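Reader: Could you take me through a close look at a single part of this model, together with whatever surrounds it? I would like the terms explained as they come up.

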Amino acid sequence: MEGAMPDIIRKVDYFKAQVQDKAGEGARILSALLGEGIDLLAFTGFPRGRKAQFDFIPENGPAFRKAAKKIGLEVTRKTAFLVQGEDCPGAIAEIVSKLADAGVNIIALDAVAGGEGRYGAILWVRPAEVRKAATALRAK
């Protein structure tokens, strides 16, 4: 796509939490984090056994950790990649191809069109492959 801005790919800290899998739990936790002034760049939640796993990518990791502790949310820090760019056919295919060419296996990937020609994605790789993935993606 001529004239398109290049994707911004960042290696980011994400924080995962195991929570009760029940109606309203996400609303309760996200509202409490909002009340603590936490700005999230991304959030995803999914079932995990009899519980649910929430993954948070905050703008400010230390502030998020402090707020999580205050609201009683037990979290574990991990690494993921946050992708933001101009939406075009094959945008994700190009990214996953770079990782495949580098021999990096993707554990999970969530991507969504953001409207107005933009898209975003979060992708996870094994901890042992983070450095190799960062190099392949030229992540900041």
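Author: Glu116 is a convenient place to enter, since it is exposed, with a relative accessible area of 85% (buried means under 20% relative accessible area, exposed over 50%, and partly exposed in between, for a 1.4 Å probe and protein chains only). This is a predicted model, in which local features need pLDDT of at least 70 and side-chain atom pairs count only at pLDDT 80 or more, while totals for chains, interfaces and linings use all residues. Residues are numbered from 1 along each chain as its sequence is written, and side-chain values use heavy atoms, with hydrogens and water left out.

Glu116 sits in the loop between E5 and E6, where helices (H or I, at least four residues) and strands (E, at least two) are DSSP runs numbered from the N terminus. Its phi is positive, about 50°, although Glu116 is not a glycine. Most residues other than glycine have a negative phi. Arg138, in the segment after H4, likewise has a positive phi, near 55°, without being a glycine, and it counts as exposed at 74% relative accessibility.

The loop of Glu116 leads us to the sheet, an open one built from 6 strands in the order E2-E3-E1-E4-E6-E5, with antiparallel pairing; two strands pair if DSSP finds at least two bridges between them. Strands E2 (40-48) and E5 (106-115) stand at the edges, and each has a single partner strand, so one side of each is left without a neighbour in the sheet. Neighbouring strands are turned by 25° against each other on average, direction ignored; here axes are lines fitted to C-alpha atoms, for helices over the stretch in contact, and angles run from 0 to 180 degrees between N-to-C directions. Within the sheet, E1 and strand E3 (residues 51-58) run antiparallel and are joined by 6 bridges, and the partner of Ala17 in E3 is Phe54.

Two helices can now be placed against these strands. Helix H3 (residues 91-101) packs on the sheet and touches E1, strand E4 (76-86), E5 and strand E6 (118-125), its direction making about 25° with that of E6; contact means heavy atoms within 4.5 Å. Helix H4 (residues 130-137) lies across E1, E4 and E6 and runs at about 15° to E4. In the loop between E6 and H4 we find Pro127, which is exposed, with a relative accessible area of 66%. Computed along the sequence, Pro127 and Gly61 are 66 residues apart, and in space they are 18 Å apart, C-alpha to C-alpha.

Phe54 also leads to helix H1 (residues 25-35), where Glu25 lies. Leaving aside residues up to four places away in sequence, Glu25 touches Val19, Gln20 and Phe54, and at 7% relative accessibility Glu25 counts as buried. The buried residues of H1 are Glu25, Ile29 and Leu33. Seen down the axis of H1, these residues fall within an arc of 60°, so they line one face of the helix; the arc is that of the directions from the helix axis to the C-beta atoms. Among the elements that cover them are E1, E3 and H2, whereas the face of H1 turned away from the buried side carries the exposed residues Leu34 and Gly35. Just after H1, Gly37 takes a positive phi of about 80°.

The last layer of the picture is aromatic. The structure holds 6 aromatic pairs, and rings of Phe, Tyr and Trp (its six-membered ring) pair if their centres lie within 6.5 Å, with planes under 30 degrees apart counted as stacked, over 60 as edge-to-face and the rest as tilted. The rings of Phe15 and Phe64 have centres 5.0 Å apart and planes at 35°, so this pair is tilted. The pair links distant parts of the chain, 49 residues apart, with Phe15 in strand E1 (residues 8-20) and Phe64 in helix H2 (residues 61-70). Phe15 is buried at a relative accessible area of 1%, and Phe64 is buried at 0%. The rings of Phe54 and Phe56 have centres 6.2 Å apart and planes at 85°, so that pair is edge-to-face. Phe54 is buried, with a relative accessible area of 9%, and Phe56 counts as buried at 0%. Together with Phe43, the residues Phe15, Phe54, Phe56 and Phe64 form one aromatic cluster.
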